[in-house]
Amino acid sequence: MLLSLKVVAALCPNADLVLTSNKGLSIKGKVSEKNTPIPCRVRLFEKLSGRLIADAQTDSSGNYEFDHLTETKFFIVAHHPQNQYNAVIQDNVVPK
């Protein structure tokens, strides 16, 4: 059986206000629990509109990076991998 796949960029509509085609600015971080890095799902939202901009999985050391960003405020939500705790939110994050 043959499958025909078309790859489409997973960007939000009208995301051109916060994303660039070049590397742009970035936000990097590390997720840990009691000083132990944990791999988990991390989501980037635009603060002004609340739109989801990007969704990423950290590496095994808990590191993540969002790039191709413009200078605006974001908030980041990290989800515990076993859903034992509420999500952690970091507010007013500005890319560098």
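Which strand has five of its six residues buried, and is therefore largely enclosed by the rest of the structure? Keep this in mind as you begin the tour, and remember throughout that what you have open is a predicted model.

Select β7, residues 74–79. This is the strand in question: five of the six residues of β7 are buried, so the rest of the structure largely encloses the strand.

Now add the other strands of the sheet, which is an open one made of four strands in the order β5-β4-β7-β8, with antiparallel pairing. At the edges you will find β5 (52–57) and β8, each with a single partner strand, so that one side of each has no neighbour in the sheet. On average, and ignoring direction, neighbouring strands here are turned by 15 degrees against each other. In general, the strands of a sheet pair through backbone hydrogen bonds, either parallel or antiparallel.

Go through the pairs next. Between β4 and β7, which run antiparallel, there are six bridges, and if you select Phe-45 you can look across to its bridge partner in β7, Phe-75. On the other side of β7, four bridges join this strand to β8, again in the antiparallel sense, and here Ala-78 stands opposite Val-88 of β8. Strand β4, residues 41–46, also pairs with β5 in the antiparallel sense, over five bridges.

Stay with β4 and select Arg-41, which belongs to this strand and has Gln-57 of β5 as a bridge partner. Is Arg-41 buried, partly exposed or exposed? Its relative accessibility is 37%, so Arg-41 counts as partly exposed. Show the residues around Arg-41, leaving aside those within four places in sequence, and you will see contacts with Asp-55, Ala-56, Gln-57, Val-77, Ala-78 and His-79. With one of these, Asp-55, the side chain of Arg-41 makes a polar contact of 2.7 Å.

For the last stop, move to the loop between β7 and β8 (88–93) and select His-80. This residue has a relative accessible area of 10%, and because buried means under 20%, His-80 counts as buried. Beyond residues up to four places away in sequence, His-80 touches Glu-33, Ile-38 and Tyr-85. Which residue's side chain is joined to that of His-80 by a polar contact of 3.1 Å? The partner is Glu-33. Finally, display the backbone nitrogen of Gln-82, which lies 3.2 Å from a polar atom of the His-80 side chain.

How values were computed:
Residues are numbered from 1 along each chain as its sequence is written. This is a predicted model: local features need pLDDT of at least 70, side-chain atom pairs count only at pLDDT 80 or more; totals for chains, interfaces and linings use all residues. Side-chain values use heavy atoms; hydrogens and water are left out. Helices (H or I, at least four residues) and strands (E, at least two) are DSSP runs, numbered from the N terminus. Buried means under 20% relative accessible area, exposed over 50%, partly exposed in between (1.4 Å probe, protein chains only). A polar contact is a pair of N or O atoms within 3.5 Å; within protein, one must be able to donate a hydrogen and the other to accept it, and residues adjacent in sequence count only if both atoms are side-chain atoms. Contact means heavy atoms within 4.5 Å. Two strands pair if DSSP finds at least two bridges between them. Axes are lines fitted to C-alpha atoms, for helices over the stretch in contact, and angles run from 0 to 180 degrees between N-to-C directions.
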